[in-house]
Amino acid sequence: MPVLEREPAKGRRDSNVLPKVPVPDLKQTLDMYLRCVKLLVPEAQFQKTKTIVDKFAKPGGAGEILQKKLLERREKTENWVYDYWLEDMYLNNRLALPVNSSPVLVFPKQNFRSREDSLRFAAHLIMGVMEYKALLDARSLPPDYARGQQAGTELCMEQYYRLFTSYRRPGLKQDSLITQSSTGANKTQDPGHIIVACKNQFFVLNLMEKSRRLNESDVLSQLLKISKMAENAEERLPPIGLLTSDGRTEWAQARDALLKDPVNRESLGVIEQCVCVVCLDEPTGVQPTDSNRALLMLHGGGHDKNGANRWYDKSMQFVVGADGVCGVVCEHSPFEGIVLVQCTEYLLKYMTGSPSKLSRGSSVTELPAPRRLPWKCSPQVQGMLASSAENLHRLVKNLDMEVFTFRAYGKEFIKKQKMSPDAYAQVALQLAFYRCNGRMVSTYESAATRRFREGRVDNIRSATPEALDFVKAMTDERASTQDSEKMERLRKAIDAQTDYTKMAITGMGIDNHLLGLREIAKELKMETPDIFTDETYQLSNQFILSTSQVPTTVDMFCCYGPVVPNGYGACYNPQAEHILFCVSSFRECTATSSLVLVKALEQALMEMKDLCNKCNTGIQEKGAAKPATPRK
């Protein structure tokens, strides 16, 4: 994921000034597809796939017809792939949002001395949200410009305007992404309401009362009231939020059951319209290591901890734990991780840079108490809640997470080798996986396509033939390959990764193109072309390594779960003198282990450094090497 830089606002350019995403050349995509899958399947299977691809590509064949239709679609739409991609990546996916889909940002452990301390933190955070949302509503956020690859290019800002206006509504077969309009708000416009989750209850915190926006003292006063109201066991309602943690079809069925009662209909409507959710979590008693805080942010620890104190359909959930475990849970369909990071960094900098204003300004006297959202639960819904609790419990037990900081060196050393830190980390992941499994697998690395109108992402396929040549040389126990040859292979692997990255971010990736060809065939009611029913195509879309670089400039980190049952999630954050990795897998799969991959990754990074030092004796690294240690 490319790094961003911010420039001062120069007056907003609408995203439609940006170019439309191109449709790549058909032959170029099919040639690259064959190159990518050749190392994933046996030779006989590859030859069968090549025959299928050649048939698809022949003049007058299905490929040519579908390519022509895609080019026509590009003329008629702002972004020809956006709807196809959104449905395929998110809305059609039936898996539960926690762990499987929703990434999280984990803040440093906060040292709250009391529960009121945690509420002060939450009130300050809410003021930051109000300030940032005002920037968004006024469309006065300065534009992002790319750094690294294709530096200086202006990027599409549309994802930012969905941060606080989006809601993912479950459907029986397909979810809907609901986005309210966010057009130039004026100062008197109602800033809306926040939903506060506390002890699995949901409360409405209006950001304006009596025609005046709440100040920080007001917000704290309302949070204190909510905390007290939630303590009242007699008024406590069933933990409806649990339903949002279940599979999407199961939650859609439960939602349909809830909607039969007008009380529930109104409560659901209020939640769908909120700016964001603030989750005031109970202490869990869990040792707050980085790995444990990551787990708690991803799933709340299950129904018996804070797993029901969530509403997973909402795009932004800010978690403030009484025990100092804090972060953000993000519903991923409206925007990418880099937008989440930019917003959250703004909020954290606001909190450290602007002093808390609890004693200033007049308070709205006698604020009306926040409203607890009521629910009417039929026996059917009660049964569904029990099932959701069990499913979440299974997910919690299944997730295996290792957060560790590699401290021997960071991106400064890598840059001195004249290599891209992102490409270097990707090659290290390939080496680590190959050492553990003796094969390469389909790998996903997200590549932002925000240079284009409404651009989201395409895939960088990091399992390249050049990476395979390198990892084979590094794992050859006969030691027949000279260091100079290994170094040459490393540079070729890095160059191949860098070239693929350039291709993907400039709209020339193969995954979105193939998806478009497949989906337009469905629209035309054509018989599905063999290329898309071929087992190689199915395998190439099973991303056993799901990876992303999510760099931060403040002390926090991003993590997520694997996207397939036998896979890994691998998120990394390269800093000047260290690299933070978050590696996830599922315990139910005996072929994966987060700790085993982390150890192999550590070994790979040390070997790559040693190789660079042997072959680049003129380059002096800064500082002595320190051993890599799991981050606690």
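In this predicted model, eight strands form an open sheet: the 8 strands follow the order S13-S7-S6-S10-S11-S12-S2-S18, and their pairing is mixed. At the edges stand strand S13 (371-372) and S18, each of which pairs on one side only. Within the sheet, strand S6 (residues 193-198) and strand S7 (residues 201-206) run antiparallel and are joined by 6 bridges. One residue pair illustrates this arrangement: Val196 has Phe203 of S7 as its bridge partner.

Two helices lie across this sheet. Helix H5 (residues 115-137) lies across S6, S7, strand S10 (277-281), S11 and S12, and runs at about 155 degrees to S11. Helix H6 (residues 216-231) lies across S6, S7, S10 and S13, with an angle of about 160 degrees to S7.

A further helix, H9 (residues 290-299), is largely enclosed by the rest of the structure, because 9 of its 10 residues are buried. The buried residues are Asp290, Ser291, Arg293, Ala294, Leu295, Leu296, Met297, Leu298 and His299. Their packing partners include members of the sheet, namely strand S2 (104-106), strand S11 (316-321), strand S12 (326-330) and strand S18 (557-559). Helix H11 (379-398) and strand S14 (399-406) also pack against the buried residues of H9. After H9 comes Gly300, whose phi is positive, near 75 degrees.

Strand S14 leads to the surroundings of Ser584, since Asp400 lies in strand S14 and is among the residues in contact with Ser584. Is Ser584 buried or exposed? With a relative accessibility of 0%, Ser584 counts as buried. Ser584 belongs to strand S20 (residues 579-586). Beyond its neighbours within four places in sequence, Ser584 is in contact with Leu399, Asp400, Met401, Tyr560, Gly561, Pro562, Gly567, Tyr568, Gly569 and Ser594. With Tyr560 there is a specific polar approach: a polar atom of the Ser584 side chain lies 2.8 Å from the backbone oxygen of Tyr560.

Charged side chains add another set of links, and the structure holds 40 salt bridges. Asp400 takes part in one with Arg587, where the closest N and O atoms are 3.8 Å apart. This pair links distant parts of the chain, for Asp400 is in strand S14 while Arg587 is in the loop between S20 and helix H19 (594-615), 187 residues away. Asp400 counts as buried because its relative accessibility is 11%, whereas Arg587 is exposed, with a relative accessible area of 51%.

Another salt bridge joins the side chains of Asp144 and Arg450, at 2.8 Å from N to O. Asp144 lies in strand S3 (residues 144-146) and Arg450 in the loop between strand S15 (443-448) and strand S16 (457-460), so the pair ties together parts that are 306 residues apart in sequence. Both Asp144 and Arg450 are buried.

A local example is found in helix H2 (residues 43-57), where Lys50 and Asp54 are 4 residues apart and therefore separated by about one helical turn. Residues three or four places apart in an α-helix point the same way, because such a helix has 3.6 residues a turn. Lys50 and Asp54 form a salt bridge, their closest N and O atoms being 3.2 Å apart. Lys50 counts as partly exposed at 33% relative accessibility, and Asp54 counts as partly exposed at 38%.

Methods:
Residues are numbered from 1 along each chain as its sequence is written. This is a predicted model: local features need pLDDT of at least 70, side-chain atom pairs count only at pLDDT 80 or more; totals for chains, interfaces and linings use all residues. Side-chain values use heavy atoms; hydrogens and water are left out. Buried means under 20% relative accessible area, exposed over 50%, partly exposed in between (1.4 Å probe, protein chains only). A polar contact is a pair of N or O atoms within 3.5 Å; within protein, one must be able to donate a hydrogen and the other to accept it, and residues adjacent in sequence count only if both atoms are side-chain atoms. Contact means heavy atoms within 4.5 Å. Two strands pair if DSSP finds at least two bridges between them. Axes are lines fitted to C-alpha atoms, for helices over the stretch in contact, and angles run from 0 to 180 degrees between N-to-C directions. A salt bridge is a side-chain nitrogen of Lys or Arg within 4 Å of a carboxyl oxygen of Asp or Glu.
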